[in-house]
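Q: I have this one open and want to go through it with you. Can we start with the surface?

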Amino acid sequence: MTAPSTFGLSSEARNLHWLLTNLVEEVPGIQSVAVVSSDGLLLLSSDPGRNDEARQAQTRTAAKGPRGSAADLATIVSGIGSLTIGAARLMDSGPVKHTMVAMDEGSLFVMSISDGSLLGVHGSADCDMSVVAYHMALFVGRAGHVLTPELRSELRKSLEQQSAGSAR
């Protein structure tokens, strides 16, 4: 996780960290995950280094994620979410539930959580898209009701404190 230490966090925040860790470690082919607020701010993310051993055991190849940091995945997820919401409005088709982008060497999944928050998953080329989507839906079902404005604020502050601590 981006914030491996959950000391001092509420039980809801610790539960979300646990859910995200389980998503990354238990679903084959997931390379990185980001939970993004409605205003595009990163709330939670996976840490590629923490889960390398599990991924290498599953795929026998080095995992690769977005070229930069977890903030890059958050930016991509936020942009795709914004684009699809605009498209749905133009088409008068109701709210967007999920989006999938299939690429030659990977996949990107974006799913609505609640109040505009999004779950984004970067998967490997050989991941089973239906399994990833199923587990994302489980995460959303478990996380959606607890992702309140107060909890989003707590998660954001936790990330800010961690980045301030690592910049020293």
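Q: What area does the chain expose, and what share do carbon and sulfur atoms supply?
A: The chain exposes about 9200 Å², with carbon and sulfur atoms supplying 54% of it. Accessible areas here come from the Shrake-Rupley method with a 1.4 Å probe, and for residues only the protein chains shown count as cover.

Q: Anything to know about the source?
A: This is a predicted model, where local features need pLDDT of at least 70, side-chain atom pairs count only at pLDDT 80 or more, and totals for chains, interfaces and linings use all residues. Residues are numbered from 1 along each chain as its sequence is written, and side-chain values use heavy atoms, with hydrogens and water left out.

Q: What pLDDT does the chain average?
A: The average is 82, and 79% of the residues score at least 70. pLDDT is the predictor's confidence in each residue, from 0 to 100.

Q: And where is the pLDDT below 50?
A: Over residues 48–63; this stretch has 21 contacts in the model beyond near neighbours in sequence. A contact means heavy atoms within 4.5 Å. Where pLDDT is low, the predicted coordinates should not be read in detail.

Q: OK, layout. How many helices and strands?
A: Five helices and five strands, in the order α-β-β-α-α-β-β-β-α-α from the N terminus. Helices (H or I, at least four residues) and strands (E, at least two) are DSSP runs, numbered from the N terminus.

Q: Which strands does β1 pair with?
A: β1 pairs antiparallel with β5 over six bridges, and three bridges join β1 to β2, also antiparallel. Pairing requires that DSSP finds at least two bridges between two strands.

Q: Which residues are bridge partners there?
A: Val33 has Val121 in β5 as its bridge partner, while Ala34 has Ser45 in β2.

Q: What sits between β1 and β2?
A: Five residues separate the strands of that hairpin, and Gly40 takes a positive phi near 85°.

Q: Is β1 covered or exposed?
A: Mostly covered, with seven of its seven residues buried. Buried means under 20% relative accessible area, exposed over 50%, and partly exposed in between (1.4 Å probe, protein chains only). For the chain of 168 residues, 40% count as buried.

Q: Now the core. Which residues touch the most other members?
A: In the largest nonpolar core, which has 28 residues, they are Leu16, Val35, Leu119, Val121 and Phe139. A nonpolar core is a set of buried Ala, Val, Leu, Ile, Met, Phe, Trp, Tyr and Cys residues joined through side-chain atoms within 4.5 Å.

Q: Which element gives the largest share?
A: α1, with six residues of this core.

Q: What does Leu16 contact?
A: Leaving aside neighbours within four places in sequence, Leu16 is in contact with Leu44, Phe139, Ala143, Val146, Leu147, Leu151 and Leu155. Apart from this core lies another, of eleven residues, including Ala34, Leu42, Leu73 and Val77.

Q: Back to α1: what span is expected for the helix?
A: Its 16 residues should span 22 Å at 1.5 Å a residue (the expected span is 1.5 Å times one less than the number of residues). The end C-alpha atoms of α1 are 22 Å apart, which agrees.

Q: And why does Leu20 count as buried?
A: Because its relative accessibility is 0%. Leu20 is in helix α1, and the C-alpha atoms of Leu20 and Ala143, 123 residues apart along the chain, are separated by 9.5 Å.

Q: Last one, Thr84. What does it touch?
A: Val96 and Thr99, not counting residues up to four places away in sequence. Thr84 lies in helix α3 (residues 70–90) and counts as buried at 18% relative accessibility.
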